[in-house]
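Biologist: I'm new to this one. Could you pull it up and walk me through it?

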Amino acid sequence: MKGECLGELSLTFSEIRHNISVKETFTYNERGNGSMKILPSILSADFAHLADEVRDVEKDVEFIHVDVMDGQFVPNITMGANVVKALKKETKVAQDVHLMVTEPIHLLPSFIEAGADMISVHSEACTHLHRAIQMIKDGGVKAGVVLNPSTPASALQAIIRDVDYVLIMTVDPGFGGQRFLPTMIDKIKAVRVLIDSLNLPVQIEVDGGIDAETLPLCFNAGASLFVAGSAIFPFDDRHAAIEKLSQSVLKK
Ligand SMILES: O=C(CO)[C@H](O)[C@H](O)COP(=O)(O)O
Ligand SMILES: [Fe+2]
């Protein structure tokens, strides 16, 4: 198996798997489809040159992460479906849309129409969570549920069978560049146990403060999708930054 899910990483996936299994840390990720992906968050990109910023990472990754904030659910305003649509025309990379929006159900048709490939909604923001998840799936898009740091893993009990992925926030949402909350590691483990106990093909994504130190902790706990903004875009060499994140799982 090639290491395509690890961007331009020169090691093959089986080499990585060998290295990690020596340390007995790979078990969770084998269950989580045996893959890991880095998803650069364009929140940390230069908004004045967004298409160029995305083109700069698209050879290294399968997805970019698009943070949509409404100034109500979180204390910040970012971008909307028009940005997803514009980037779709300019780049080939798939888009993972993270809706930090109160009652996102009203916006789902516009993001589906704009060409989003993955869409996640916060459990705290949806009065009718199942309806929102179903609407995303009916649109032919992968559906995710997001938990804020203070929302317990048990909140997933009623929705876990319906989603393609769970996004565990490892900071309070609203801004890039925040410090990773270490207590989220136990939550990732709890969600991994829940998913495995039901034998579901659900991926765990983590978002917030992900860097070469925190990524391996999340990987070993059972996450397979890693959002990173400030660990990628502020650097001149984004390829090297992504490779550093990919390689970090070998060092712990
Ligand atoms: O959802 C988010 C913030 O609410 C962002 O995706 C996240 O913060 C990424 O930025 P960084 O890697 O700098 O923490
Ligand atoms: Fe995000």
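Biologist: Which residue in E4 does His 98 stand opposite?
Modeller: Bear in mind that this is a predicted model. The strands to look at are E3 and E4 (residues 118–122), which pair in the parallel sense over four bridges. Across from His 98, the residue in E4 is Ser 120.

Biologist: Okay, and which helix makes a β-α-β unit with E3 and E4?
Modeller: The two strands pair in parallel, and a helix joins them in a β-α-β unit that is right-handed. That helix covers residues 108–114, and its label is H5.

Biologist: What about E2: how many bridges join E2 to E3?
Modeller: E2 and E3 run parallel. One pairing to look for is Met 69 with its partner in E3, Met 100. Together with helix H4 (residues 81–90), the two strands make a right-handed β-α-β unit. As for the bridges between E2 and E3, there are seven.

Biologist: Is E3 mostly covered or mostly open, and how many of its residues are buried?
Modeller: For a residue to count as buried, 20 or more other C-beta atoms must lie within 10 Å of its own. E3 is mostly covered by that test. Of its seven residues, the number buried is six.

Biologist: Now the ligand: which strands give two or more residues to the shell around ligand 1?
Modeller: There are 23 residues around ligand 1, and among those that come nearest are Ser 41 and Pro 173. By class, the shell has nine nonpolar, twelve polar and two charged residues. The elements giving two or more are E2 (63–69), E3 (94–100) and E8 (225–228).

Technical notes
Residues are numbered from 1 along each chain as its sequence is written. Chains are lettered from A and ligands numbered from 1 in the order in which they are written. This is a predicted model: local features need pLDDT of at least 70, side-chain atom pairs count only at pLDDT 80 or more; totals for chains, interfaces and linings use all residues. A residue is near a molecule or strand if its C-beta atom, placed from the backbone, lies within 6 Å of it. Ala, Val, Leu, Ile, Met, Phe, Trp, Tyr, Cys and Pro count as nonpolar, Asp, Glu, Lys and Arg as charged, and the others, Gly among them, as polar. A residue is buried if 20 or more other C-beta atoms lie within 10 Å of its own, exposed if 12 or fewer, and partly exposed in between; C-beta atoms are placed from the backbone. Two strands pair if DSSP finds at least two bridges between them. A crossover is right-handed if, with the strands pointing away from the viewer, the path from the first strand over the helix to the second runs clockwise.
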